[in-house]
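Dear colleague,

I am handing over the structure below, together with some notes on what was found in it. Please read the notes with the model open beside them.

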Amino acid sequence: MPSPCIGVCALDMHQHCSGCLRHIDEIAGWPSMSATQRSHILHKVLPLREQLRQSLRGPLADHARLLQALHPLDHVPQGDGWNRSELDDLLPSGPLVEAAVLAGIVPRADGAQVILTRRTETLRQHGGQVGFPGGRTEPDDRDAVAAALRESQEEIALPADQVQALGYLDPFVTITGYRVTPVVAVVDPDFVPVAQPSEVAEVFEVPLDYLMAPENLRQVEINHRGRVRHVLEYAWPGQRIWGATAAILYNLRRRLEQLP
């Protein structure tokens with residue numbers, strides 16, 4: 001089975017071939033791969049990446065810019081979180097709890113969509129709120145990607161073979177004491193979510209273009225422990241996308257805007 005590119009692959013800034021979309025590790029390892037491994041890349045991995053490239057049509061996020069905006073998978077972002085200073089006097093005592101969420105982008109014919117969930121009302125924390133699939137990192141999780149994939153499988157029945165991690169956003173600290181690492185990934189458009197009713201009440205999609213448009217994000221005041229705080233919010237019809245979820249999406253937008 002031949003290599004997808006004829007001649008030498010041209011690598012972009014994120015170490016992907018701009019022609020065949022293979023990562024540098026896939027290019028380097030191609031001669032030693034089995035026929036099964038090559039077939040998987042050719043018939044499963046690369047078509048999904050191409051679907052993502054075709055679906056990214058917004059003014060900010062074409063395929064190359066999206067990859068450049070993310071921390072690469074082999075460079076997990078460090079630090080306490082880009083918003084830590086805002087919460088120093090509000091966080092619970094003790095170390096932050098590691099967590100990960102999956103910011104899944106679904107390539108659709110009419111443009112890329114972001115998968116979000118609305119949590120079950122009866123949950124002790126964040127009941128009824130909109131968020132990404134994800135949760136606490138467990139000792140058996142190899143890294144944030146493994147934690148995000150495991151939680152996504154548990155919450156919305158997302159199989160590992162229907163998702164490909166692309167990179168990380170900056171860690172975010174929640175007021176409940178979690179340090180959340182967002183994993184951005186592309187999700188097979190054939191995926192059919194099945195909500196785990198004890199955790200997820202609803203799974204829905206929102207256009208990435210809408211979420212990246214500055215005019216759709218507003219700042220609102222809330223009262224927390226007798227103190228006024230400012231949080232971000234999207235006014236998506238029928239859903240309130242706010243707090244940590246809105247801030248993570250804002251972080252993606254800012255990283256895209258800061259690219260040359």
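To begin with one residue, R108 counts as partly exposed, at 27% relative accessibility. Please keep in mind throughout that this is a predicted model. The side chain of R108 meets that of E205 in a salt bridge, with 2.6 Å from N to O. Because E205 lies in strand β8 (residues 200–207) and R108 in the loop between β1 and β2 (113–119), the pair ties together parts that are 97 residues apart in sequence. E205, for its part, is partly exposed, with a relative accessible area of 28%.

Salt bridges

A search of the whole structure finds 14 salt bridges, and the pair just described is one of several that I would point out to you. In general, side chains of opposite charge can pair when their charged atoms come close. The side chains of E98 and R179 meet in a salt bridge at 2.9 Å, N to O, and this pair links distant parts of the chain, since E98 is in strand β1 and R179 in strand β7, 81 residues apart. E98 is partly exposed, with a relative accessible area of 36%, whereas R179 counts as buried at 8% relative accessibility. A further salt bridge joins the side chains of E233 and R240, at 2.3 Å from N to O; here E233 is buried, with a relative accessible area of 6%, while R240 counts as partly exposed at 39%. There is also a network of salt bridges that links D141, R150, E151 and E154.

Strand β7

The strand that holds R179 deserves a careful look. Ten of the ten residues of β7 are buried, so the strand is largely enclosed by the rest of the structure. Both of its faces are covered, with Y178, V180, P182, V184 and V186 buried on one side and R179, T181, V183, A185 and V187 buried on the other.

Which strands pair with it? Strand β1 runs parallel to β7 and is joined to it by nine bridges, with A99 standing opposite V180. Strand β5 pairs with β7 in the antiparallel sense over five bridges, and V163 has V187 as its bridge partner there. Strand β6 (residues 172–173) also runs antiparallel to β7, joined by two bridges, and the bridge partner of V173 in β7 is R179. The hairpin of β6 and β7 has four residues between the strands, and in it G177 takes a positive phi near 95 degrees.

Helix α2

How far apart are the end C-alpha atoms of helix α2? At 1.5 Å a residue, the 21 residues of the helix (residues 35–55) should span 30 Å, and its end C-alpha atoms are 29 Å apart, which agrees. The helix nevertheless has a kink of about 35 degrees, centred on I41. I41 is also one of the buried residues of α2, along with R38, V45, L46, L48, R49, L52 and S55. What covers these buried residues includes α1 (24–29), α3 (63–69), β1 (97–106), β5 (163–168) and β7 (178–187).

On the side of α3, H63 lies in that helix and is buried, with a relative accessible area of 9%. Leaving aside its neighbours within four places in sequence, H63 is in contact with L21, R49, L52, R53 and L56.

With kind regards

Conventions:
Residues are numbered from 1 along each chain as its sequence is written. This is a predicted model: local features need pLDDT of at least 70, side-chain atom pairs count only at pLDDT 80 or more; totals for chains, interfaces and linings use all residues. Side-chain values use heavy atoms; hydrogens and water are left out. The expected span of a helix is 1.5 Å times one less than its number of residues. The bend at a residue is the angle between axes fitted to the seven residues ending there and the seven starting there. Buried means under 20% relative accessible area, exposed over 50%, partly exposed in between (1.4 Å probe, protein chains only). Contact means heavy atoms within 4.5 Å. Two strands pair if DSSP finds at least two bridges between them. A salt bridge is a side-chain nitrogen of Lys or Arg within 4 Å of a carboxyl oxygen of Asp or Glu.
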